[in-house]
Amino acid sequence: MFVQMKSITVAEGYVEKIVEQFASKGLIEGQPGFIDLSVLRKKKRGGNEEVIVMIRWESEEAWKSWETSEVHLAGHKENRKKLPPSYIIEKRQDVYHVLATKM
């Protein structure tokens, strides 16, 4: 299994904007090898807030296939023309190989 983690820091009160963006129906659900997507909010008391978007894939190859797909690249190309919303303070992405799982 392979996991993509996006960390997004937003101004206080704007978490729902990120949830709407990632939790709504999209194209990723139909991508071969896609397992699921979770949106997490870091527990905090006031100030900027952190949202984690965790996307699980069957393999690194499945993730790479999505990252290089025409539909995914077209979406990013379109977004490059837009200024990021002012409530987004910082964005980061990391990817991980899952080495062990308990259920």
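## A pocket, a sheet and a core

The lining of the largest pocket divides into 15 nonpolar, 10 polar and nine charged residues. Here Ala, Val, Leu, Ile, Met, Phe, Trp, Tyr, Cys and Pro count as nonpolar, Asp, Glu, Lys and Arg as charged, and the others, Gly among them, as polar. This is a predicted model, in which local features need pLDDT of at least 70 and side-chain atom pairs count only at pLDDT 80 or more, while totals for chains, interfaces and linings use all residues. Residues are numbered from 1 along each chain as its sequence is written, and side-chain values use heavy atoms, with hydrogens and water left out.

Let us stay with the pocket for a moment. On a 1 Å grid over the protein atoms alone, a pocket is an open set of points where a 1.4 Å probe fits, with protein on both sides within 12 Å along at least five of seven lines; lining residues have an atom within 4 Å of a point. The largest pocket has a volume of about 1100 Å³, a volume being the space filled by probe spheres set on the points, which are joined across faces, edges and corners. Of its 34 lining residues, Lys6, Gln21, Phe22, His76 and Asn79 lie nearest the centre. Helix 3 gives the most to this lining, with six residues.

Now for the fold. The protein has three helices and four strands, arranged along the sequence as β-α-β-β-α-α-β. These elements are DSSP runs numbered from the N terminus, with at least four residues (H or I) for a helix and at least two (E) for a strand.

Strand 3 is a good place to look next. Strand 1 runs antiparallel to strand 3, joined by nine bridges, and strand 2 is also antiparallel to strand 3, with seven bridges; two strands pair if DSSP finds at least two bridges between them. Within these pairings, Phe2 has Trp57 as its bridge partner, and Leu37 has Ile55. Seven of the nine residues of strand 3 are buried (under 20% relative accessible area, 1.4 Å probe, protein chains only), so the strand is largely enclosed by the rest of the structure.

That leads to the largest nonpolar core, a set of buried Ala, Val, Leu, Ile, Met, Phe, Trp, Tyr and Cys residues joined through side-chain atoms within 4.5 Å. Among its 17 residues, Ile8, Val10, Ile18 and Trp57 touch the most other members. Strand 3 gives the most to this core, with four residues. Beyond its neighbours within four places in sequence, Trp57 is in contact (heavy atoms within 4.5 Å) with residues including Phe2, Ile35, Trp63 and Trp66.

Key: Buried < 20%, exposed > 50% of the residue type's maximum accessible area, 1.4 Å probe, protein only.
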